[in-house]
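The following report describes a structural model, with attention to its aromatic rings and to the packing of its helices. Please consult the sequence and the coordinates alongside the text.

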Amino acid sequence: MGKMKVYLGQLLDEWLDDEDNLEKWESNTLTASDRRILLPHWFYKASMKALQGEAKRKYFEHAGALLTADGTDDDLLIKLEGAPAGYKVVIR
């Protein structure tokens, strides 16, 4: 989820566009309680944005969450780093 950092940064920038928020940030008066409230909201919004469209499937494939119990088509999903082109993974 490399884009998560980008999206979180964008949300922080939007939040800092408000003069009151910028003052809290720069004067270090933002409480830990405020941060505990803000971060989950930003994380949720960034997650929803990062997982739009086909991105969800891509992340599940990358994590190996779409492998089948019987191994059907797993060779299409498993790509070993450094394996020669055309190499097929056989799991029995």
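Rings of Phe, Tyr and Trp (the six-membered ring of Trp) count as a pair if their centres lie within 6.5 Å; planes under 30 degrees apart are stacked, over 60 edge-to-face, and the rest tilted. By this criterion, a search of the whole structure yields one aromatic pair. Its partners are Trp-15 and Trp-42, in an edge-to-face arrangement with 5.8 Å between centres and 70° between the planes. The pair joins distant parts of the chain, as Trp-15 belongs to helix 1 and Trp-42 to helix 3, 27 residues apart. Both Trp-15 and Trp-42 are buried (under 20% relative accessible area, with exposed over 50% and partly exposed in between; 1.4 Å probe, protein chains only).

The model is predicted: local features require pLDDT of at least 70 and side-chain atom pairs pLDDT 80 or more, while totals for chains, interfaces and linings use all residues. Residues are numbered from 1 along each chain as its sequence is written, and side-chain values use heavy atoms, without hydrogens and water.

The chain contains five helices and zero strands; helices (H or I, at least four residues) and strands (E, at least two) are DSSP runs numbered from the N terminus. Of its 92 residues, 16% count as buried.

The two helices that carry the aromatic pair compare as follows.

| Helix | Residues | Partner in the aromatic pair |
|---|---|---|
| helix 1 | residues 2-16 | Trp-15 |
| helix 3 | residues 32-50 | Trp-42 |

The axes of helix 1 and helix 3 come within 9 Å and cross at roughly 130°; axes are lines fitted to C-alpha atoms, for helices over the stretch in contact, and angles run from 0 to 180 degrees between N-to-C directions. Helix 1 and helix 3 are therefore oblique to each other, given that angles under 35 degrees count as roughly parallel, over 145 as roughly antiparallel, 65 to 115 as roughly perpendicular and the rest as oblique.

Contact means heavy atoms within 4.5 Å. Residues of helix 1 including Met-4, Tyr-7 and Trp-15 meet residues of helix 3, among them Leu-38, Trp-42 and Ala-50.

Ala-50 lies in helix 3 and is buried, with a relative accessible area of 7%. Beyond its neighbours within four places in sequence, Ala-50 is in contact with Met-4, Tyr-7, Ala-55 and Tyr-59. Ala-50 and Gly-2 are 48 residues apart in sequence, and their C-alpha atoms are 8.9 Å apart in space.
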